[in-house]
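Reader: I should like to learn how the features of a structural model are to be read. Might we take them one at a time, beginning with the exposure of a single residue?

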Amino acid sequence: MKTKMKKTVWIPAIIAVTVAALLVIYYYYMSSVSGGKLGMRPPGGGNVPGHMGGRPDGKGGGGNGEIFNTLGTISVFLGAASFCWFWFKKKLRSPSMLVQKAGKLFHSLHKLLGWATLILIAVHGVYFLITKFQDHKTYSGLAAFAIILAISGYGFYINKVRNKWMRTIHRTLGLLWVPVLLLHVGGSAIIAFIATLAVGGLVWTIDRMAEKTMKPVAGDTL
């Protein structure tokens with residue numbers, strides 16, 4: 001029974017990843033058919049012709065489209081902030097008080113940031129589904145949403161279902177979300193990704209410096 005449960009816990013993740021992969025394939029197909037330009041958006045999250053941002057008629061110029069596009073950009077950074085908890089997870093007993101306090105803060109905010117990310121993405125996505133359903137970028141957005149939905153689902157049940165694979169799947173989906181997000185968002189996702197790596201590097205550096213400070217120097221002991 002336990003073996004069966006260990007296997008079935010992977011099913012939602014496999015379904016989500018399969019759906020996301022099919023949507024990405026369809027995104028490339030639609031882009032080639034429509035003659036749209038593949039690739040990521042310009043650095044800084046700028047808009048490409050016929051994509052998010054600007055008016056729903058595709059002529060640009062701000063308005064509701066820009067507002068909902070901004071919500072999508074905010075969700076990317078909220079998701080990155082939520083992921084930063086990963087760097088602190090095994091550092092809660094770090095010799096650095098700064099790392100300890102930051103770790104506790106990220107732990108307390110992890111779920112809140114995750115739900116905020118999902119909600120903003122949903123609001124952002126619904127708007128563009130209504131106004132620009134035929135845009136090929138919509139499908140890469142749906143692929144990203146399929147994965148974040150699965151991430152949120154596993155995050156919700158992670159403490160309710162006693163299975164050692166739950167956290168592994170949760171983290172794996174988080175990593176798989178990155179390339180899909182890069183495809184859909186581009187510039188903003190790159191900045192968020194680099195910022196997340198920078199936080200991880202900073203945590204590691206501060207922790208190592210604190211460890212070296214606490215080690216007794218040779219000759220100090222009697």
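Author: Certainly. Please bear in mind that this is a predicted model. A residue is called partly exposed when its relative accessible area lies between 20% and 50%. Lys91, at 22% relative accessibility, therefore counts as partly exposed.

Reader: Which residue forms a salt bridge with Lys91?

Author: A salt bridge requires a side-chain nitrogen of Lys or Arg within 4 Å of a carboxyl oxygen of Asp or Glu. Lys91 is paired with Asp207, and their closest N and O atoms are 3.1 Å apart. Lys91 belongs to the loop between helix H4 (85-88) and H5, whereas Asp207 belongs to helix H8 (residues 187-214), so the pair ties together parts that are 116 residues apart in sequence. By this rule, the count comes to one salt bridge.

Reader: Is Asp207 buried or exposed?

Author: Asp207 is buried, its relative accessible area being 3%.

Reader: How many helices and strands does the protein have?

Author: There are eight helices and zero strands, and the pattern along the sequence reads α-α-α-α-α-α-α-α. Of the 222 residues, 36% count as buried. Among contacts with a separation of 6 or more, 73% are between residues 24 or more positions apart.

Reader: How is the environment of one buried side chain to be described? Which residues does Tyr154 touch, for instance?

Author: One begins with the element and the burial, and then turns to the contacts. Tyr154 lies in helix H6 and is buried, with 5% relative accessibility. Leaving aside residues up to four places away in sequence, Tyr154 touches Val9, Trp10, Ile11, Pro12, Ala13, Met166, Ile169, His170 and Leu173. From Tyr154 to Leu173 the C-alpha distance is 9.4 Å, with their positions 19 residues apart in sequence.

Reader: What does Phe145 touch?

Author: Phe145 is also placed in helix H6. Its relative accessible area is 27%, so Phe145 is partly exposed. Residues up to four places away in sequence again being excluded, Phe145 touches Leu118, Ile121 and Ala122. The C-alpha atoms of Phe145 and Ala122 are separated by 7.6 Å, although these residues are 23 apart along the chain.

Reader: Let us turn to the surface. Which residues form the nonpolar patch?

Author: For the surface as a whole, the protein exposes about 13200 Å², and carbon and sulfur atoms supply 71% of this area. A patch is a narrower idea, since a residue joins one only with over 30% relative accessible area and no salt bridge. The nonpolar patch consists of Trp115, Ile119, Val123, Phe156 and Tyr157, which together have about 480 Å² of accessible area. Helix H5 (97-131) and helix H6 (137-157) are the elements that give two or more residues to this patch. The largest share, three residues, comes from H5. Phe156, in helix H6, has a relative accessible area of 42% and is therefore partly exposed.

Reader: Which residues gather in the patch of positive charge?

Author: In a patch of this kind, like charges are joined within 9 Å. Lys89, Lys90, Lys111, Lys160, Arg162, Arg167 and Arg171 gather in such a patch of positive charge on the surface. One of these residues, Arg171, is found in helix H7 (residues 165-184). Arg171 is partly exposed, because its relative accessible area is 31%.

Terms used:
Residues numbered from 1 in each chain as written. Predicted model: local features only at pLDDT ≥ 70, side-chain atom pairs only at ≥ 80, totals over all residues. Heavy atoms only, no water. Patch = residues over 30% accessible without salt bridge, like charges linked within 9 Å, V, L, I, M, F, W, Y side chains within 5 Å. Areas by Shrake-Rupley, 256 points an atom, 1.4 Å probe, with all protein chains shown as cover. Lys, Arg positive; Asp, Glu negative; His and termini not counted. Charge placed at Lys NZ, Arg CZ, Asp CG, Glu CD. Helix = DSSP H or I, 4+ residues; strand = E, 2+ residues; numbered from the N terminus. Buried < 20%, exposed > 50% of the residue type's maximum accessible area, 1.4 Å probe, protein only. Contact = heavy atoms within 4.5 Å.
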